[in-house]
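Morning, everyone. Please pull the model up on your screens, and we'll walk through it together.

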Amino acid sequence: MLRRGVAGFERANWFAAAGAEPRYEYSYGRQNWFERSADEHRAVREQVGLFDQSSFAKFVLQGRDAATVLGRICANDVDVPPGKVVYTQWLNERGGIEADLTVTREAEDAYLIVSSCATQTRDFSWLCRSIPSEARAVALDVSSAYTVLGPHGAAQPRAARDAHRRGPVHGGVSFRHLPDHRSRLRSRTGQPDHLRGGAGIRAVHPYGVAQSVYDVIVGAGAAFGLRLAGYHALNSLRMEKGYRHWGHDIGDEDTPLEAGLQFAIAWNKPGGFVGLEPLGEQRAAGVRRRLVAIALDRADRLLYHNEPIWRNGELVGRISSGMFGHTLGAALGLGYVANSGVPVSTEWIAAGQYEVEVAAERVPARVSLRPFYDPASARVKR
């Protein structure tokens with residue numbers, strides 16, 4: 001296992017073969033971990049993979065006014081029944097994306113917020129500063145109290161059912177398969193995690209029962225070919241589905257409309273939300289830059305970040321993040337494209353011939369507003 005530190009956490013990037021030394025051999029081509037990560041990627045697509053996602057930031061917002069306060073911060077509607085999980089963004093007054101996260105309503109007066117470890121301090125500060133002084137609501141950072149294990153993959157529903165049949169483990173934690181966007185674990189919460197493009201959950205539970213939970217998941221998963229997987233595989237899986245990463249693909253200068261996240265905007269919810277007015281103006285005027293999915297036509301080239309995007313011989317954007325998609329057999333990227341300051345239409349995107357400049361060489365590429373893998377999310381919804 002090769003670990004790298006992020007925000008104080010050591011996280012597994014990939015798992016070396018038995019007897020092999022887990023170390024990086026750097027190059028601009030396919031590095032020594034490429035095939036190991038590919039195996040982990042394929043395990044998730046075809047069987048089941050287990051990710052340690054304990055580095056997630058975890059906040060609790062509690063109090064009589066929790067729903068009202070969070071409803072104002074979130075662009076999506078979080079006034080949902082207890083047990084429901086909502087994917088949403090927090091926006092600034094310009095409509096830019098300050099945070100990209102999930103919100104679980106645990107009770108009428110309590111929410112669990114899960115965000116990235118790299119933005120833990122930033123997001124918690126934003127949450128606290130957004131609570132009006134007169135509001136009956138309090139925010140708690142519980143990141144250090146809970147760990148997260150994420151089984152994902154084609155066989156995940158069967159593995160989860162088998163784990164549930166094994167009964168409770170130490171601390172009263174049990175598992176069952178979760179329907180779409182529902183939270184039904186007896187631990188603090190079980191969040192469906194579709195961010196990798198397949199069935200999956202995030203089992204959030206106290207650190208004191210982490211080993212027992214791990215043993216139950218691994219024991220149940222053995223019959224389904226469960227494999228431990230790292231963050232390189234997590235990245236390649238999300239790139240195939242075109243899922244955005246805050247800090248690379250989205251940030252405080254990018255709006256949900258530019259990033260293709262309009263499905264997570266509750267335009268008409270009571271009370272509105274921070275950033276609603278500028279988003280409405282942008283929707284009326286037309287979006288002048290849009291995030292697209294990109295696939296190189298040559299499998300022997302890789303994408304990393306910041307490679308120029310050319311359309312019909314003109315520079316129109318740059319890659320915001322990239323990774324090789326092992327299911328698709330192609331180097332994949334996300335990046336914003338612009339049309340000389342005028343609105344970027346679907347027709348304009350479709351009419352272009354595209355190239356991405358890799359090490360001073362322009363490589364032909366395909367561009368799409370939809371992900372290249374499972375664009376209708378049929379695997380997620382089944």
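The crossing of α1 and α6 is right-handed. Keep in mind that this is a predicted model. Helix α1 covers residues 34-46, and helix α6 covers residues 231-241. Two packed helices are described by the angle between their axes and the distance between the axes. Here the angle is about 55°, and the axes are 8 Å apart. That makes α1 oblique to α6.

Which residues of α1 and α6 meet? On the α1 side, find Ser37, Glu40, His41, Val44 and Arg45. On the α6 side, find His232, Ala233, Ser236, Leu237, Glu240 and Lys241. By class, the contact has three nonpolar, four polar and four charged residues.

Stay with α6 for a moment. This helix also packs on a sheet, so let's go there. Six strands close into a barrel. Read the order as β13-β16-β15-β14-β17-β18, with antiparallel pairing. From one strand to the next, the twist averages 40°. Helix α6 touches β15, residues 314-325, and β16, residues 330-338. The direction of α6 makes about 130° with that of β15.

Now one pair from that barrel. Strand β17 is residues 354-358, and strand β18 is residues 361-368. How many bridges join β17 and β18? Five, in the antiparallel sense. Glu355 has Pro364 in β18 as its bridge partner.

Next, three loop residues. Start with Gly286. Gly286 sits in the loop between α7, residues 276-285, and β13, residues 289-296. Is Gly286 buried or exposed? Buried, with a relative accessible area of 18%. The cut-off for buried is under 20%. Now look across to Ser345. Gly286 and Ser345 are 59 residues apart along the chain, yet their C-alpha atoms are separated by 8.4 Å.

The other two loop residues are about backbone angles. Most residues other than glycine have a negative phi. Asn306 has a positive phi, near 75°. Find Asn306 in the loop between β13 and β14, with β14 at residues 308-311. Its relative accessibility is 43%, so Asn306 counts as partly exposed. Ser377 also has a positive phi, near 60°. Ser377 lies in the loop between β18 and α9, residues 378-381. At a relative accessible area of 17%, Ser377 is buried.

Let's move to the other sheet on my list. This one is an open sheet of five strands. The order is β5-β6-β7-β4-β8, again with antiparallel pairing. Which strands are at the edges? β5 and β8, the latter at residues 138-141; each pairs on one side only. Neighbouring strands are turned by 30° against each other on average, direction ignored. Helix α3 packs on this sheet and touches β4, β5, β6, β7 and β8. The direction of α3 makes about 170° with that of β8.

Zoom in on β5, residues 85-91. Why call this strand largely enclosed by the rest of the structure? Because six of its seven residues are buried. β5 pairs with β6, residues 97-107, in the antiparallel sense over seven bridges. Thr88 stands opposite Leu101 in β6. Trp90 has Ala99 in β6 as its bridge partner. The hairpin of β5 and β6 has five residues between the strands. There, Gly95 takes a positive phi near 90°.

One more helix in this region: α2, residues 66-73. Its buried residues are Ala66, Val69, Leu70, Gly71 and Ile73. What do the buried residues of α2 pack against? Four strands come up by name: β4 at 57-62, β5, β6, and β7 at 110-115. Helix α3, at 120-129, is also among their partners.

Last, the whole chain. The chain has nine helices and 18 strands. Of its 382 residues, 56% count as buried. Then there are the contacts between residues at least 6 apart in sequence. Among those, 68% join residues at least 24 apart.

To recap three places to click on. At α1 and α6, look for the right-handed crossing. At the barrel, trace the six strands in order, starting from β13. At the open sheet, find the edge strands β5 and β8. That's my tour; over to the group.

Key: Residues are numbered from 1 along each chain as its sequence is written. This is a predicted model: local features need pLDDT of at least 70, side-chain atom pairs count only at pLDDT 80 or more; totals for chains, interfaces and linings use all residues. Side-chain values use heavy atoms; hydrogens and water are left out. Axes are lines fitted to C-alpha atoms, for helices over the stretch in contact, and angles run from 0 to 180 degrees between N-to-C directions. Angles under 35 degrees count as roughly parallel, over 145 as roughly antiparallel, 65 to 115 as roughly perpendicular and the rest as oblique. A crossing is left-handed if the near helix is turned anticlockwise from the far one by less than a right angle, and right-handed if clockwise. Contact means heavy atoms within 4.5 Å. Ala, Val, Leu, Ile, Met, Phe, Trp, Tyr, Cys and Pro count as nonpolar, Asp, Glu, Lys and Arg as charged, and the others, Gly among them, as polar. Buried means under 20% relative accessible area, exposed over 50%, partly exposed in between (1.4 Å probe, protein chains only). Two strands pair if DSSP finds at least two bridges between them.
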